[in-house]
Amino acid sequence: MTDAIAPECTPRAMVERLTQPIILEQFLAGLTARSDPADRSAVLKRASLLRGLGRWAEALALYRALLDRDPADRLAQAAVAIFDGAPVHPHADGPTPFVQIQNALPPAQQERLWHTLRAETARLVPATVGTGYAAPREDPTIRIARRLHRSGEVTAWFLPWLEEVIVREAVLPRLGLAPFAVGTRELQVTGHGDGGYFQIHRDTASNPAAPAWGRYLTFIYYFHQVPRLFTGGDLLLFAPPCAGQFDFTRIDPLHNSLIFFQSHHFHTVTRVQCPSDDLLQGRWTVNGWLHRAETP
């Protein structure tokens with residue numbers, strides 16, 4: 001189960017249109033042609049569009065230029081820290097912080113994961129959504145994906161490894177978070193085949209009685225067959241305070257990469273295109289959440 005809370009103020013068709021790379025490229029070309037390099041606002045808009053296209057290096061160069069011009073520019077400071085993998089100041093301005101770790105799992109553990117997935121393929125079930133106030137349900141207008149019915153074998157070795165990574169890679173300071181006591185741990189193995197997607201949502205619930213209430217840290221480990229046999233399936237991570245603003249970072253689902261971000265941030269999975277009906281050739285993740293333990 002995951003808890004989807006889509007902002008009602010944001011028409012879904014508009015979100016899908018305004019996040020398409022071809023539309024963003026048109027906006028970027030028009031802005032670049034008429035903008036003044038000395039205009040901070042225009043530079044920030046260009047950097048935002050580049051992030052939305054997944055062109056991180058070009059966006060980072062613009063943020064560095066702003067920082068060279070004004071070392072006290074807090075938004076540029078935060079953006080540079082995120083893309084440099086440095087600690088981020090809590091409640092910093094700028095893009096939503098995330099951590100990406102490439103070449104995350106060694107080959108033996110990757111094969112272990114594939115072995116489990118192949119053995120359990122017949123037991124895949126539809127992924128569900130919830131609102132925090134109702135039982136999880138299958139809803140293809142919000143989400144199309146499949147998941148393992150039982151992921152206990154993966155959970156047994158993946159979560160201890162994950163928590164070691166969080167410490168070793170200084171994930172929490174890179175997200176602007178203080179250390180926290182971990183309560184519930186959730187894990188799913190999820191596949192997106194042709195047509196798979198997930199509408200804009202966040203992983204937390206507004207109902208304290210809902211299972212998703214305590215989710216604090218979201219993790220996504222990407223894996224797929226090599227070479228990649230699908231397109232799409234990008235993670236779009238929206239900037240606060242409102243997911244309705246089209247300021248987001250596009251994250252490519254790179255094989256054997258691991259992503260972390262704080263669970264209350266809005267995000268979406270773009271639609272997958274895959275010529276094969278074999279779901280094993282699609283986009284796969286080990287994804288889940290660490291809950292912050294309740295204080296007495």
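**Helix packing and cavities: worked exercises**

Helix α4 (residues 56–69) and helix α5 (residues 74–84) pack with axes 9 Å apart, at an angle of about 140 degrees. Axes are lines fitted to C-alpha atoms over the stretch in contact, and angles run from 0 to 180 degrees between N-to-C directions. Helices are DSSP runs (H or I, at least four residues), and strands likewise (E, at least two), numbered from the N terminus. The model is predicted: local features need pLDDT of at least 70, side-chain atom pairs count only at pLDDT 80 or more, and totals for chains, interfaces and linings use all residues. Residues are numbered from 1 along each chain as its sequence is written, and side-chain values use heavy atoms, without hydrogens and water.

**Exercise 1.** Determine which residues join α4 to α5.

*Solution.* Step 1: contact means heavy atoms within 4.5 Å. Step 2: from α4, W56, L60, Y63, R64, L66 and L67 take part, facing L75, A76, Q77, A79, V80, F83 and D84 of α5.

**Exercise 2.** Describe the cavities of the whole structure.

*Solution.* Step 1: a cavity is a set of points on a 1 Å grid over the protein atoms alone where a 1.4 Å probe fits but cannot get out; lining residues have an atom within 4 Å of a point. Step 2: the search yields two cavities of 30 Å³ or more, volume being the space filled by probe spheres set on the points. Step 3: the largest encloses about 190 Å³. Among its 18 lining residues, R143, F198, I220, V269 and N287 are closest to the centre. Strand β16 (283–292) gives the largest share of this lining, five residues. Step 4: the second largest, about 30 Å³, is lined by L24, S48, L49, G52, F246 and F248.

Key:
On a 1 Å grid over the protein atoms alone, a cavity is a set of points where a 1.4 Å probe fits but cannot get out, and a pocket is an open set with protein on both sides within 12 Å along at least five of seven lines; lining residues have an atom within 4 Å of a point.
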